[in-house]
Amino acid sequence: SPRIGVMTSGGDAQGMNAAVRSIVRSGIHQGAEVYAIYEGWQGAIAGGEHIRHLGWSDVSGILNKGGTVIGTARSAEFRTREGQLKAVENLVHNGIDRLIVIGGDGSLTGTRALCLGWPAYVEELVTTGRITAEQAAAHPHLNIAGMVGSIDNDMVGTDMTIGTDSAMHRITEAIDAISSTAESHRRTFIVEVMGRHCGYLALMTAIAGGADYTFLPESPPRPGWEDRMVEVLGRGRAAGRRDSIILVSEGAADREGEPITAQRIQAALRDRTGEEARITILGHVQRGGTPSAYDRWMATVCGAEAVRQVLSADAQSEPMLVGVRRDMVNTTPLLAAVEATHRIGDFVNEGDYEAAIHARGVGFTT
Ligand code: F6P
């Protein structure tokens with residue numbers, strides 16, 4: 001029977017376990033054997049005990065757990081040619097010819113590179129005697145499906161990435177908690193949220209949490225933003241509001257590319273109003289804890305589709321990215337999705353924010 005490998009790679013995200021459970025059980029249901037590759041691409045490079053068969057009951061009781069029970073890593077070695085070669089060698093030795101990777105932009109970019117290099121890697125492994133010609137013939141290519149596991153929602157090809165919804169719940173709860181103490185003291189709080197170069201978490205939770213002001217990587221403020229911010233906060237206070245909440249995305253910067261940090265905002269407020277605002281950096285709290293119902297649902301249906309994709313793929317099939325579009329399961333060519341995602345970064349670097357927002361196409365525009 002066909003052998004599917006499954007791994008979680010890069011930063012963990014709530015809902016990754018739901019994806020693994022779905023892949024194992026859908027795989028068994030569709031007549032495949034599923035092997036977990038522990039610790040992401042690092043485990044594929046290490047081989048041995050890192051690659052283990054998973055049965056139906058091995059994934060019992062994980063649906064509601066945060067993180068990933070099969071471990072994850074950000075592998076620097078996988079970015080090297082020798083690292084990729086070792087990963088291919090171990091996949092071939094374990095008879096794995098179909099692979100589902102649940103990871104963020106970095107992991108899926110690496111997966112794309114491995115996929116493109118596969119024929120050359122296999123050839124080199126044969127000539128250096130690390131695999132046999134028969135093994136090479138049995139693995140002419142690798143059928144791959146990607147699922148995006150990341151709280152950042154920073155990937156083209158899916159409306160939501162696994163973990164984003166849970167992280168938004170966590171951030172909104174934190175804003176609610178901060179508001180109550182802020183109101184009591186008539187204070188201003190600056191709350192920093194994750195998202196790397198993507199402002200999705202900050203923007204959506206600024207709306208959901210009723211924040212007064214927000215700083216996003218995709219929308220660097222014009223010079224003089226400090227005065228405008230003070231004016232906006234002042235209007236809220238004049239209207240009777242007892243607290244002010246400023247939400248800053250960790251990737252926010254001004255038009256010169258200088259980071260807009262919580263400390264910088266705090267200093268701007270101190271200089272102009274004399275107020276000593278408090279800072280809360282939410283950090284990894286956003287990535288931990290129970291996955292939301294949405295993340296469990298989404299990871300489960302996408303997992304089932306990813307299995308279908310890799311089992312029905314043939315030598316001509318492109319690697320696919322499985323995600324959701326308008327609440328329906330959606331597949332997009334993985335390579336195109338990775339490239340389109342990187343173009344957004346280029347637009348931001350060139351200062352073409354409008355192009356970046358349109359390229360992403362989700363959340364910021366209607
Ligand atoms: O990509 C997910 C993410 O949580 C980002 O929002 C954040 O910048 C980064 O990972 C933190 O990485 P680490 O967990 O390695 O500190």
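What follows is a chat about a predicted model, its ligand site and a few of its residues.

Colleague: Before we start, what are the ground rules here?

Modeller: It's a predicted model, so local features need pLDDT of at least 70 and side-chain atom pairs count only at pLDDT 80 or more, while totals for chains, interfaces and linings use all residues. Residues are numbered from 1 along each chain as its sequence is written, and side-chain values use heavy atoms, with hydrogens and water left out.

Colleague: OK, ligand then. Which residues surround the ligand?

Modeller: Arg74, Ile151, Asp152, Met194, Gly195, Arg196, Glu250, His284 and Arg287. To be near the ligand, a residue needs a heavy atom within 4 Å of it.

Colleague: How does that shell divide into nonpolar, polar and charged?

Modeller: 2 nonpolar, 2 polar and 5 charged. Ala, Val, Leu, Ile, Met, Phe, Trp, Tyr, Cys and Pro go down as nonpolar, Asp, Glu, Lys and Arg as charged, and the others, Gly among them, as polar.

Colleague: And how far is the side chain of Asp152 from a ligand oxygen?

Modeller: An N or O atom of the Asp152 side chain sits 2.7 Å from a ligand oxygen. For His284, a polar side-chain atom is 2.8 Å from an oxygen of the ligand, and for the side chain of Arg287 the figure is also 2.8 Å. Taken alone, the ligand exposes 400 Å², and the protein buries 73% of that. Those areas are Shrake-Rupley values with a 1.4 Å probe; for residues, only the protein chains shown count as cover.

Colleague: Switching to α4. Why does its length look right?

Modeller: Helix α4 covers residues 105-127, and its 23 residues should span 33 Å at 1.5 Å a residue, which agrees with end C-alpha atoms 33 Å apart. The expected span is 1.5 Å times one less than the number of residues. Helices here are DSSP runs (H or I, at least four residues), strands are E runs of at least two, and both are numbered from the N terminus.

Colleague: Where's the kink in α4?

Modeller: At Trp118, shortly before Pro119, and it's about 60°. That bend is the angle between axes fitted to the seven residues ending there and the seven starting there.

Colleague: Which residues of α4 are buried?

Modeller: Among them are Leu108, Thr111, Leu114, Cys115, Trp118, Val122 and Leu125. Buried means under 20% relative accessible area, exposed is over 50%, and partly exposed is in between (1.4 Å probe, protein chains only). After α4 comes Gly129, with a positive phi near 75°.

Colleague: What does the side chain of Glu339 contact?

Modeller: The side chain of Arg112, through a polar contact of 2.4 Å. A polar contact is a pair of N or O atoms within 3.5 Å; within protein, one must be able to donate a hydrogen and the other to accept it, and residues adjacent in sequence count only if both atoms are side-chain atoms. Glu339 lies in helix α11, residues 334-349, and counts as partly exposed because its relative accessibility is 37%.

Colleague: And Thr188, buried or exposed?

Modeller: Buried, because its relative accessibility is 2%. Thr188 is in strand β6 (residues 188-193), and its side chain makes a 3.2 Å polar contact with that of Arg237.

Colleague: Last one: what's phi for Asn153?

Modeller: Near 50°, positive in a residue other than glycine. Asn153 sits in the loop between β5 (143-148) and α6 (164-185), and is buried at 0% relative accessibility. Arg326 also has a positive phi near 50°, but Arg326 is exposed, at 74%.
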